[in-house]
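Here is a short structural report for a computational chemist. The sequence and coordinates come first, then the text.

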Amino acid sequence: MLFSRGFSRLPKASFNRCSKWLLSHRPHPHRQDHHHRHRYFVLSPTHRNGWVFGCREIYSWGSPFLNGVRHQIHQESSSLAEEQLDPFSLVADELSLLADRLRSMVVAEVPKLASAAEYFFKMGVEGKRFRPTVLLLMATALNMPLPRSAPAEVPETLSTELRTRQQCIAEITEMIHVASLLHDDVLDDAEKRRGIGSLNFVMGNKVAVLAGDFLLSRACVALASLKNTEVVSLLATVVEHLVTGETMQMTSTSEQRVSMEYYLQKTYYKTASLISNSCKAIALLSGQTAEVSMLAFEYGKNLGLAFQLIDDVLDFTGTSASLGKGSLSDIRHGIITAPILFAIEEFPQLDAIVKRGLDKPADIDLALDYLGKSHGIQKTRELAAKHANLAAEAIDSLPESDVEDVVRSRRALIDLTQRVITRTK
């Protein structure tokens, strides 16, 4: 039960304080509390009229005073996790192993292609390795006894073979991610990435495109080795979504450019689809039920959306040094993101400026001026926080487990939702 899992993450002193608080606020013994139904407008994994939007009903504790306890529990558990948990250190040894394997997987016969393919896998420029960290933690978080209906050949504990296959998903995901970065930098004429010159800037557009294609081909070979058609289908869909999202960004009409719905749809395709479907693939490989697999998907989807929303904030508030790439990159390329869309809600006159295309420096300056006077940055952070909370709820909804590694990994996944929305780079 979510309530008991919340208490399990509290230190003893906090648990005692909450217990006393609960006893002093017990509801009347003859009154029955009912679960209230709350609706959240969230992305759905299934298409509806060409979109992946839908309304999912989420049930929370019915009693009003329990809602307060739940908030207190998450606050205290979050601070505890921050003190005791570093999600990246929990999987540091595996991340090092993955980095070595990735470098060996992108070796090519042609020297220039080999140099290009390994460009962002070299030591020192591997990036945050955020996605592999999430996937390795998810693999441990789902290490629990399987229902009797699960296939008999799937072991009840996380075997070495299964862990290796799940590590393979992390490697595939990272190769797809880096390939998308190489292609994006070509399309955006980017000059910097991860604090160094972008590959297209250093070696030219043609080599950068071919290097991206090469990484995707390596990812396909690794994916085929898993011999799981459902997982292959999931990650093939991710590549389709990456292309679809980029095309949506390039071909948007003036009306679509100022549509929050269109922006979130594009963001799901370009960013959240990869992590959500990869999380689901981790669950499928471990033989989990459809319900658990969807919770893994929900976590990845909402974490990915929160991540990109904060990225869009940092494009306005960060520096080139902290971001490892140019700031104000999106708006200078005419790409409209959530902060500007929220600013339009406050200043409708900004709508006409954005629809003109932001081709003129004066229009960009005017848009930034309106953004500075608006609550666009704050509202974007709030939307990111909502998605981070939905991601945390997905982890809280997983079947209970008393296994220490499982509990720790789930706490780390919840901790990551807060790190995503509080990061500065």
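Lys227 takes a positive phi of about 55° just after α10. The model is predicted. Lys227 sits in the loop between α10 and α11. Most residues other than glycine have a negative phi. Lys227 is not glycine, yet its phi is near 55°. Is this residue buried or exposed? Lys227 counts as exposed because its relative accessibility is 74%, and the cut-off is over 50%.

Leu358 also has a positive phi, near 55°, and is likewise a residue other than glycine. Leu358 lies in the loop between α18 (349-355) and α19 (361-373). Its relative accessible area is 3%, so Leu358 is buried. The two residues are set side by side below.

| Residue | Phi | Loop | Relative accessibility |
|---|---|---|---|
| Lys227 | near 55° | between α10 and α11 | 74%, exposed |
| Leu358 | near 55° | between α18 and α19 | 3%, buried |

**Helix α10**

The helix before Lys227 is α10, residues 205-225. It has 21 residues. From the first C-alpha of α10 to the last, the reach is 31 Å, close to the 30 Å expected at 1.5 Å a residue. Which residues of α10 are buried? They are Val207, Ala208, Ala211, Gly212, Phe214, Leu215, Ala219, Ala222 and Leu223. What do these buried residues pack against? Their partners are α5 (92-105), α6 (111-117), α8 (160-188), α9 (199-203) and α11 (229-251). The loop that holds Lys227 leads between α10 and α11, and α11 is one of those packing partners.

**A buried lysine**

Lys266 belongs to helix α13, residues 260-285. Lys266 is buried, yet has no salt bridge. Which side chain of opposite charge is nearest? It is Asp312, 6.8 Å away. A salt bridge needs a side-chain nitrogen within 4 Å of a carboxyl oxygen, so Lys266 and Asp312 do not form one. What does Lys266 touch, leaving aside its neighbours within four places in sequence? Its contacts are Gly245, Met248, Gln249, Ile335 and Ile336.

**Aromatic pairs**

How many aromatic pairs does the structure hold? There are three. One of them joins Tyr268 and Tyr269. Their rings lie 5.9 Å centre to centre, with 50° between the planes, and the pair is tilted. Tyr268 counts as buried, at 2% relative accessibility. Tyr269 is buried too, with a relative accessible area of 6%.

Phe347 and Tyr370 form another pair. Their ring centres are 5.4 Å apart and their planes stand at 45°, so this pair is tilted as well. Phe347 lies in the loop between α17 (338-346) and α18, while Tyr370 lies in helix α19, so the pair ties together parts 23 residues apart in sequence. Phe347 counts as buried at 18% relative accessibility. For Tyr370 the value is 13%, which also counts as buried.

**The whole protein**

The protein has 21 helices and four strands. Of its 425 residues, 52% count as buried. Its accessible surface comes to about 20200 Å². Carbon and sulfur atoms account for 55% of that surface. Among contacts with a separation of 6 or more, 74% link residues 24 or more positions apart.

Definitions and conventions: Residues numbered from 1 in each chain as written. Predicted model: local features only at pLDDT ≥ 70, side-chain atom pairs only at ≥ 80, totals over all residues. Heavy atoms only, no water. Helix = DSSP H or I, 4+ residues; strand = E, 2+ residues; numbered from the N terminus. Expected span 1.5 Å × (residues − 1). Buried < 20%, exposed > 50% of the residue type's maximum accessible area, 1.4 Å probe, protein only. Contact = heavy atoms within 4.5 Å. Lys, Arg positive; Asp, Glu negative; His and termini not counted. Areas by Shrake-Rupley, 256 points an atom, 1.4 Å probe, with all protein chains shown as cover. Phe/Tyr/Trp six-rings, centres within 6.5 Å; stacked < 30°, edge-to-face > 60°.
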